[in-house]
Amino acid sequence: MAHSRKWIDRTLAVLVATLMAALVLDVLWQVFTRFILRDPSSWTEELARYLMIWVGLIGAAYAAGRRMHLSVDLLSGALTGSRAHTLRIFIESLVLAFALAALFAGGMRLVWVMLKLGQTSASLQIPLGYVYLAVPISGLLIAWYAILDLTDAVKGLRHGNN
């Protein structure tokens, strides 16, 4: 499990960095065409919006996997031993439930509806279902990380590790 976690961490880091680089190049091209060529590109603003969706959602999955997400650690910092593990199990269970219900199930429904309706983006003419595919993908990744963290917390509770 540790090996697969490292591989997915590295893959997500590369993917987010690549998406960010594409976003930067897209915005630079937009600025160049608008202010230097005086003929703004019609597709760059839309692409920037869609890249931002992917960066935000895949970046959230990466942050969840690296445990870098925002959290209020008032309780977890004050608790030790079995209480700390129990709180972690509770939190990871909530994260897992949210990732599966809202992100994965809701995201798959969103993708299905968009593909079923045949909606395409205005400038790029790509199916919007593909744009929103980032939602269920991030949901699966966050759920996978939550399962790993939940397993670690349960092991810690059983073995009495701090």
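**Figure 1. Gln30, a buried residue of helix α1.** With a relative accessibility of 12%, Gln30 counts as buried, because the cut-off for that class is under 20%. The view comes from a predicted model, as do all those that follow. Gln30 belongs to helix α1, which covers residues 2–36. Setting aside residues up to four places away in sequence, you will find Gln30 touching Pro40, Ser41, Thr44 and Glu45.

**Figure 2. Helix α1 from end to end.** Here we step back to take in the helix that holds Gln30. Its 35 residues, at 1.5 Å a residue, should span 51 Å, and the end C-alpha atoms are 50 Å apart, so the two values agree. Buried positions recur along α1: Arg5, Ile8, Asp9, Leu12, Val16, Leu19, Leu23, Asp26, Gln30 and Thr33. What do these buried residues pack against? Their partners are α2 (44–65) and α6 (134–159). After α1 comes Arg38, and its phi is positive, near 60°.

**Figure 3. Leu23 and its contacts.** Leu23 is another residue placed in helix α1. Its relative accessibility is 10%, so Leu23 counts as buried. Once neighbours within four places in sequence are left aside, Leu23 is in contact with Ala48, Leu51 and Met52. It is also worth finding Val55 in this view: Leu23 and Val55 are separated by 32 residues in sequence, while their C-alpha atoms are 8.9 Å apart in space.

**Figure 4. An aromatic pair, Trp29 and Phe32.** The model has 2 aromatic pairs by count. In one of them, Trp29 and Phe32 are 5.6 Å apart centre to centre, with 35° between the planes, and the pair is tilted. Both residues sit in helix α1, 3 residues apart, or about one turn of the helix. Are they buried or exposed? Trp29 has a relative accessibility of 39% and therefore counts as partly exposed. Phe32, with a relative accessible area of 34%, is partly exposed too.

**Figure 5. The largest pocket.** This pocket has a volume of about 310 Å³. Its lining is made up of 12 residues, and those nearest the centre are Arg67, Ser71, Asp73, Ser76 and Ile91. Two or more lining residues come from each of α3 (74–78) and α4 (81–117). Which element gives the largest share of the lining? That is α4, with 5 residues. By class, the lining has 5 nonpolar, 3 polar and 4 charged residues.

**Figure 6. The second largest pocket.** For this pocket the volume is about 160 Å³. The residues to look for around it are Ala64, Arg67, His69, Glu92, Val95, Phe98, Leu103, Ile142, Tyr145, Ala146 and Asp149. Among the elements, α4 and α6 are those that give two or more residues to this lining. The lining divides into 7 nonpolar, 1 polar and 3 charged residues. If Arg67 looks familiar, that is the residue named near the centre of the largest pocket, and here Arg67 is one of the residues lining the second largest pocket.

Conventions. Residues numbered from 1 in each chain as written. Predicted model: local features only at pLDDT ≥ 70, side-chain atom pairs only at ≥ 80, totals over all residues. Heavy atoms only, no water. Helix = DSSP H or I, 4+ residues; strand = E, 2+ residues; numbered from the N terminus. Buried < 20%, exposed > 50% of the residue type's maximum accessible area, 1.4 Å probe, protein only. Contact = heavy atoms within 4.5 Å. Expected span 1.5 Å × (residues − 1). Phe/Tyr/Trp six-rings, centres within 6.5 Å; stacked < 30°, edge-to-face > 60°. 1 Å grid on protein atoms, 1.4 Å probe; cavity = no way out; pocket = protein on both sides within 12 Å on 5 of 7 lines; lining within 4 Å. Points joined across faces, edges and corners; volume = space filled by probe spheres on them. Nonpolar A, V, L, I, M, F, W, Y, C, P; charged D, E, K, R; others polar.
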